[in-house]
Structures are given as structure tokens and as C-alpha cells.
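Trainee: Could you take me through one part of this model in detail, the open sheet and what surrounds it? I would enjoy a connected account rather than a list.

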Amino acid sequence: KETGGNSYLGLPLLDDSGQAIGLLALLDSSEITQNTLTLKLLDACAARAANELQRIHSERKLREQFEQFAALFDSLNAVIYVADMQTYEILYANKFSEETFGKDWQGQACHRYLQGSESPCGFCTNPSLIKDGGPTAPITWEFCNTLTKRGFQCIDKAIRWPEGRMVRLEIALDITDHKELEQVKNDLLSTVSHETRTPLTAVTGIAELLLEDAEIAGQSRSYLETIFKEAEKLGDLINTFIDVRRFKTDR
């Protein structure tokens, strides 16, 4: 009576798992005839309404989840952005991106905003992020940014945007300082290895030469033998260290 109807007919709206997510109600001022045609029309309307309601709920859930992630992304010292995989338009950029490349990312293509290029990057990972209509495993790669001249390690992943389209999420970590420190370490180890082997070779050679002198005997010969053996051991350790470092560099 409060709704002004004298008859009522309702059907639950079910999601894909069979859970009720809403109700479709038909009200009339006169008695509703529950014939086959009426029930079929009501079923069809209920199915379409359930699909639309489920889509709205899914979009809302995705949006809420991304807002939570966005709050986390803004707290990280990494360039994090989302770009459309067809138009390359940036849909989201975190605070660190704005601090690094500027705040005017809205409406810009990712290659223009991040690289200063008017055309898509030749190294773009978009073609490798989707296979058979679904996202592939994340892709990790490194590059030197043309605007900042900084080195970045990137992790790219295709994700579903709230309205359903596939987009690219990229997380780029600045590894310039790490690379420079790694190079300094390698140069230092190379120098130390070389500078250690040179005097060690001389010690080993002189000890071996003195051991060939038959006049050196007793305690002196024992000392020389110890010097020669320990120098050879140290040389083997240095050679092993160099081989391991070369193996790690080549991988």
C-alpha cells in the first residue's frame, strides 16, 4: 500500500556463483497474471539486471582495491604508473613519478611524459604482456631514461582497469646509484686482485729460485718451503676468486 501497488511479483538477482545480490520487483495496481510469457519476460529482465549489477559491483570493488594500492604506491620511492595499452594515455601516476617527471601527466602518452618521445618506444613491452586475451607473467627489464639519464629496473604487468579494459602497470626502481656502486666495487676488486697477484708472483718465484740453491739447508730451507707453499695457496685462492667474479659478471 505504501508503494501504491496492489500486487507484487519478485525475483532474486543472482551472481555467477548463485549468491543473491539484489531483487527485481514488479508492482501493479491490479492483480498480476503469472502466465508463462510474464514469467519469461521477468526472468530475462532479472538476468540482464543481475549481470549489470554484478558488473557495477565488480567495478566498485576494483576501484576500491586500486585506491588502496594507490595510497601504498604514493609512499614508495619508485616510479609507478598505469597506461592504456592502446592509446598509451597515462591513467595514473604516483607522487614519486610527479616528483621525477612533473605533475602534468594527465592526458599525456607515457612515451611523451616519461621519455620525451612523440612516438611509442621501440622497447615497449605491451606486445608481450597479453597472450590469448589474458595477462602474461610480469616482465622485468632495465633501461636508461632519456630525460633523466638515470638507470631504472622496471617490472611491467597487464592488469584489469576498473571499467574492464586491460592496462599496463609499471613499477620502475632507480638503480643508478646501485649500478655505480657495483662498478666501483668491481673496479676495486679488479685492482686489488691484480696488485695482489703481482707481488705474490714475485715472492713465489724468488722462494722457488732460492730452494734450488743446495747450500741453503736446515731451518732456512724449511722457512723457504713454507713461504713457497703458502704463496702458492694464496695464488690459488686469488685465481679462484677471480674466476668466480668473472662467472657472476658473465651471467
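Mentor: Happily, and let's start at the hairpin of β3 and β4, which has 5 residues between its strands. In its turn, tyrosine 88 has a positive phi of about 70°. Keep in mind that this is a predicted model. The two strands of the hairpin run antiparallel, with 3 bridges joining β3, residues 79-84, to β4. You can follow the register residue by residue: tyrosine 81 stands opposite alanine 93 in β4, and valine 82 stands opposite tyrosine 92.

Now step back to the sheet that this hairpin belongs to. It is an open sheet of 5 strands, paired antiparallel in the order β4-β3-β9-β8-β7. Its edge strands are β4, residues 90-93, and β7, each of which pairs on one side only. From one strand to the next, the twist averages 25°. In general, strands of a sheet pair through backbone hydrogen bonds, either parallel or antiparallel.

At the β7 edge there is another hairpin, formed by β7 and β8 with 6 residues between them. Here lysine 149 is the turn residue with a positive phi, of about 60°. Strand β7 covers residues 139-144 and β8 covers residues 151-160, and 6 bridges join this antiparallel pair. To find your place in the ladder, look for threonine 140, whose bridge partner in β8 is isoleucine 155.

Next, look at what lies over the strands. Helix α1, residues 36-73, lies across β3, β4, β8 and β9, and runs at about 50° to β4. The helix also brings us to the second largest pocket, which has a volume of about 160 Å³. Helix α1 gives the most to the lining of this pocket, with 5 residues, and the elements that give two or more are α1 and β8. Among the lining residues are Leu62, Phe66, Phe69, Ile159, Trp161 and Leu169. By type, the lining of this pocket divides into 8 nonpolar residues, 1 polar and 1 charged; Gln65 and Arg160 are part of it too.

There is also an enclosed space to consider. A search of the whole structure finds 1 cavity of 30 Å³ or more, and the volume of the largest cavity is about 210 Å³. Its lining counts 21 residues, and those nearest the cavity centre are Tyr81, Leu114, Gln115, Phe123 and Glu170. Tyrosine 81 is a residue you have already met, standing opposite alanine 93 in β4. The elements that each supply at least two lining residues are β3, α3, β7, β8 and β9. Helix α3, residues 110-115, gives the most to this lining, with 4 residues. Of the residues lining the cavity, 14 are nonpolar, 4 polar and 3 charged.

One last contact takes us back to β3. Side chains of opposite charge can pair when their charged atoms come close. The structure holds 6 salt bridges, and one of them joins arginine 165 to aspartate 84, with the closest N and O atoms 2.4 Å apart. Because arginine 165 lies in the loop between β8 and β9 while aspartate 84 lies in strand β3, the pair ties together parts that are 81 residues apart in sequence.

Key. Residues are numbered from 1 along each chain as its sequence is written. This is a predicted model: local features need pLDDT of at least 70, side-chain atom pairs count only at pLDDT 80 or more; totals for chains, interfaces and linings use all residues. Side-chain values use heavy atoms; hydrogens and water are left out. Two strands pair if DSSP finds at least two bridges between them. Axes are lines fitted to C-alpha atoms, for helices over the stretch in contact, and angles run from 0 to 180 degrees between N-to-C directions. Contact means heavy atoms within 4.5 Å. On a 1 Å grid over the protein atoms alone, a cavity is a set of points where a 1.4 Å probe fits but cannot get out, and a pocket is an open set with protein on both sides within 12 Å along at least five of seven lines; lining residues have an atom within 4 Å of a point. Grid points are joined across faces, edges and corners, and a volume is the space filled by probe spheres set on the points. Ala, Val, Leu, Ile, Met, Phe, Trp, Tyr, Cys and Pro count as nonpolar, Asp, Glu, Lys and Arg as charged, and the others, Gly among them, as polar. A salt bridge is a side-chain nitrogen of Lys or Arg within 4 Å of a carboxyl oxygen of Asp or Glu.
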